[in-house]
Amino acid sequence: MPIQQPGTQIKLTNVSLVRYKKNKKRFEIACYKNKVLEWRSGIETDLDNVLQIPNVFINVSKGQTAPAAELAKAFGKDVSVDDIILEILKKGELQVGEKERSAQLERVHNEVLSIVASKLVDPRTKRVYTTGMIDKALDMLSAQAHNTNNTDSKPASGTATPTTTAPAAANDSTATAAQKEKPIWTGVSTSKSAKSQALDAMKALIAHQPIPVARARMKLRITCPTSVLKQGVKAAPKPAGNKKDDDGDEAQQHKPGTVKDKILSFIEQVENQDVVGSEWEVVGFVEPGAFKGLSDFIGGETKGQGRIEVLDMAVTHED
């Protein structure tokens, strides 16, 4: 006598699962591989190309579909199956296999390396590093971070007498605290975007300098009416406890100056400057960290009359 398969059981193979927990109940939907990420990023818009079958399951691997009563209790009586599927697809956790996870990790890893290599240069030559050199430098930081964590978590053993004096120990603890304040790099993950991880990697590389690196400079064009250039700007607040007011250098440092002087102080290297009609124009190179301050200053001091244009986000020299 043939064995009858239950009507609520559906066999599916070669699928990617999206799992979602609501009201202490777990629900799953069966999707085609790689289509969930495409749908979430907006590349794929047709649900028929995403879902293997438009059903909600309790357990896809066993083919157990979710009873209507449980769906109504978890999502509401008036919510359709299509809306439930959309909610699971949007908020659920994508379950991927080992091979897919490795491929995704490698893809994010390569993207991070590409972004970092395009933004950092050798500060002496202004030339970019290859992705291979950046990869080795990040591996050094990752190994260093893991070694530090292992050292910190290792319990002390024995009763050895400390050989350092109290002041030396205090200096060591200060140095250790300063070291811990630096950004660390532990490796690439698939839970964050490649762009945000690339920013973290650049901060760690610049802080620890496993190889000489610096952010590639931005190339800007700044335009400002000549009538505004000679206007004075407010002096920077004097540091508390400064007793060198009579010193010429200190007086020069806190001298208010003009709008033109202030703009030029942001520019690391001036390529050219000229006056065209009633407008002054300067093209130069600026450190990325100074861009926001320069932009805010021009917008505030010139009351919208000055303009700043980015000609190149990262100026590098290729071999």
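Begin with the aromatic rings: a search of the whole structure finds three aromatic pairs, where rings of Phe, Tyr and Trp (its six-membered ring) pair if their centres lie within 6.5 Å, and where planes under 30 degrees apart count as stacked, over 60 as edge-to-face and the rest as tilted. A pair of aromatic rings is described by the distance of the centres and the angle of the planes. Select F27 and F75, whose ring centres are 5.3 Å apart and whose planes stand at 55 degrees, so the pair is tilted. F27 belongs to strand β2 (residues 25-31) and F75 to helix α2 (residues 68-75), so this pair ties together parts that are 48 residues apart in sequence. Helices (H or I, at least four residues) and strands (E, at least two) are DSSP runs, numbered from the N terminus.

Before moving on, note that this is a predicted model, in which local features need pLDDT of at least 70, side-chain atom pairs count only at pLDDT 80 or more, and totals for chains, interfaces and linings use all residues. Residues are numbered from 1 along each chain as its sequence is written, and side-chain values use heavy atoms, with hydrogens and water left out.

Now colour by accessibility, taking buried as under 20% relative accessible area, exposed as over 50% and partly exposed as in between (1.4 Å probe, protein chains only). F27 counts as buried at 0% relative accessibility, and F75 counts as buried at 10%. Add Y20 to the selection, and you have a cluster of Y20, F27 and F75 linked by ring pairs.

**Charged pairs**

Side chains of opposite charge can pair when their charged atoms come close. The structure holds 14 salt bridges, a salt bridge being a side-chain nitrogen of Lys or Arg within 4 Å of a carboxyl oxygen of Asp or Glu. Select E28 and R19, which form a salt bridge with their closest N and O atoms 2.8 Å apart; E28 counts as buried at 1% relative accessibility, whereas R19, at 27%, counts as partly exposed.

Next, pick R124 and D122, a salt bridge in which the closest N and O atoms are 3.2 Å apart. Which of its partners is buried and which is exposed? R124 is exposed, with a relative accessible area of 64%, and D122 counts as buried at 10% relative accessibility.

Then go to R221 and E281, whose side chains meet in a salt bridge at 3.8 Å, N to O. R221 lies in strand β8 (residues 217-225) and E281 in strand β10 (residues 279-286), so the pair ties together parts that are 60 residues apart in sequence. R221 is partly exposed at 25% relative accessible area, and E281, at 29%, also counts as partly exposed. Finally, select R19, R26 and E28 together, since salt bridges that share partners join these residues into one network.

**A stop in strand β9**

Select V275, which lies in strand β9 (residues 269-276) and is partly exposed, with a relative accessible area of 47%. Which residues does V275 touch, leaving aside its neighbours within four places in sequence? V275 is in contact, meaning heavy atoms within 4.5 Å, with T226 and W280. If you also show P225, its C-alpha atom is separated from that of V275 by 9.2 Å, although the two are 50 residues apart along the chain.

**The nonpolar cores**

In soluble globular proteins, nonpolar side chains tend to be buried together. A nonpolar core is a set of buried Ala, Val, Leu, Ile, Met, Phe, Trp, Tyr and Cys residues joined through side-chain atoms within 4.5 Å. The largest one here has 21 residues, and those with the most contacts inside it are V112, V116, I134, L138, W185 and L205. Helices α4 (98-119), α5 (131-153) and α7 (194-208) each supply at least two residues of this core, and the largest share, six residues, comes from α7.

Select I134 and look around it: leaving aside its neighbours within four places in sequence, I134 is in contact with L113, V116, A117, Y129 and L205. Apart from this core lies another, of 17 residues, among them Y20, I29, L71 and F75.

Now show α4 alone, where Q104, V108, V112, L113, V116 and A117 are buried.

**The whole view**

Zoom out to finish: there are 11 helices and 11 strands in the protein, and buried residues make up 27% of its 319 residues.
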